[in-house]
Amino acid sequence: MPTSKFSALLQSKCPRCRVGKMFEGPMYGFKRQKMYEHCPHCGLKFEIEPGYFYAAMYVSYAFSVAEVVSLGLATAFITKSESPWVYIIVLFSAIFLFAPFNLRFSRLVLLHYLSPKVRYNPQYEENLEQ
């Protein structure tokens with residue numbers, strides 16, 4: 001059974017074969033996140049053209065805005081504080097904690113959903129099952 005696009009995105013799999021991993025190691029850790037240059041299974045070059053992942057900054061920005069707005073509103077409803085320091089501490093902590101998530105998933109969303117040049121090829125998964 002073919003892997004869904006959303007499932008492949010959550011598992012950080014290649015958008016073309018949905019088998020090979022895009023990142024080496026865990027999202028959170030002491031080592032810097034490293035993205036493979038090519039898919040270990042199908043050989044797709046992830047950086048389709050030079051500077052391709054600059055577009056992922058826009059996706060990361062959208063993630064950050066959503067996180068900051070929702071946490072700011074949640075902080076306002078929960079604490080009912082008027083002190084700017086409460087918001088500064090909560091929001092800067094959130095930005096710091098969500099940075100690895102935003103890096104990884106902004107690139108994944110860009111490749112899986114916003115790249116017309118990358119298409120899923122089910123033959124790579126079928127060859128694996130045989």
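Phenylalanine 53 is buried, with a relative accessible area of 11%. In this predicted model, phenylalanine 53 sits in the loop between S2 and H2. What does phenylalanine 53 contact, once its neighbours within four places in sequence are left aside? The partners are Met35, Phe46, Glu47, Arg107, Leu110 and Leu111. Take leucine 110 from that set. Leucine 110 and phenylalanine 53 are 57 residues apart along the chain, yet their C-alpha atoms are separated by 8.2 Å.

**The nonpolar core**

Phenylalanine 53 belongs to a wider group. The largest nonpolar core has 21 residues. Phe46, Phe53 and Leu111 have the most contacts inside this core. Two elements, H2 and helix H3 (84–113), each give two or more residues to the core. H3 gives the most, with 5 residues.

Leucine 111 shows how many parts of the chain meet here. Its neighbours within four places in sequence are again left aside. Leucine 111 is then in contact with Pro15, Met22, Met35, Phe46, Ile48, Tyr52, Phe53 and Val118. Met35 and Phe46 also appear among the contacts of phenylalanine 53.

**Helix H3 and serine 106**

Serine 106 is another residue of helix H3. Is serine 106 buried or exposed? Its relative accessible area is 3%, so serine 106 counts as buried. Beyond its neighbours within four places in sequence, serine 106 touches Ala56, Val59, Ser60, Phe63 and Phe101. Alanine 76 makes a useful contrast. Serine 106 and alanine 76 are 30 residues apart in sequence, and their C-alpha atoms are 27 Å apart in space.

**The annotated spans**

An unreviewed UniProt entry lists residues 52–78 and 84–103 under "transmembrane region". What does the model show over those spans? Residues 52–78 are 85% helix and 0% strand. The end C-alpha atoms of residues 52–78 lie 40 Å apart. Residues 84–103 are 100% helix and 0% strand. Here the end C-alpha atoms are 28 Å apart.

**A nonpolar patch on the surface**

Some nonpolar residues lie on the outside. Tyr61, Val65, Val69, Leu73, Phe77 and Ile78 form a nonpolar patch on the surface. Together these residues have about 680 Å² of accessible area. One of them, isoleucine 78, is found in helix H2 (residues 56–79). Isoleucine 78 is exposed, with a relative accessible area of 70%. For background, in soluble globular proteins, nonpolar side chains tend to be buried together.

**One salt bridge**

How many salt bridges does the count give? The count comes to 1 salt bridge. Lysine 117 pairs with glutamate 49, and the closest N and O atoms are 2.8 Å apart. Lysine 117 lies in the loop between H3 and helix H4 (123–129). Glutamate 49 lies in the loop between strand S2 (34–35) and H2. The two are 68 residues apart in sequence, so the pair ties together distant parts of the sequence. Lysine 117 counts as exposed, at 59% relative accessibility. Glutamate 49 is partly exposed, at 38%.

**Two residues with positive phi**

Two residues have a positive phi although neither is a glycine. The table sets out their values.

| Residue | Phi | Location | Relative accessible area |
|---|---|---|---|
| Serine 12 | about 60° | loop between helix H1 (5–10) and strand S1 (23–24) | 7%, buried |
| Lysine 80 | about 55° | loop between H2 and H3 | 66%, exposed |

Which of the two is buried and which is exposed? Serine 12 is buried, whereas lysine 80 is exposed.

**Strand S1 and glutamate 24**

Glutamate 24 lies in strand S1. Glutamate 24 is partly exposed, with a relative accessible area of 33%. Where is methionine 35 relative to glutamate 24? The two are 11 residues apart along the chain, and their C-alpha atoms are separated by 6.0 Å. With neighbours within four places in sequence left aside, glutamate 24 is in contact with Lys31, Lys34 and Tyr36. Methionine 35 leads back to the start of this report, being in contact with phenylalanine 53 and with leucine 111.

Terms used: Residues numbered from 1 in each chain as written. Predicted model: local features only at pLDDT ≥ 70, side-chain atom pairs only at ≥ 80, totals over all residues. Heavy atoms only, no water. Patch = residues over 30% accessible without salt bridge, like charges linked within 9 Å, V, L, I, M, F, W, Y side chains within 5 Å. Areas by Shrake-Rupley, 256 points an atom, 1.4 Å probe, with all protein chains shown as cover. Salt bridge = Lys/Arg side-chain N within 4 Å of Asp/Glu carboxyl O. Helix = DSSP H or I, 4+ residues; strand = E, 2+ residues; numbered from the N terminus. Buried < 20%, exposed > 50% of the residue type's maximum accessible area, 1.4 Å probe, protein only. UniProt positions renumbered as here; feature names shortened; annotations may be inferred. Core = buried A, V, L, I, M, F, W, Y, C linked by side-chain atoms within 4.5 Å. Contact = heavy atoms within 4.5 Å.
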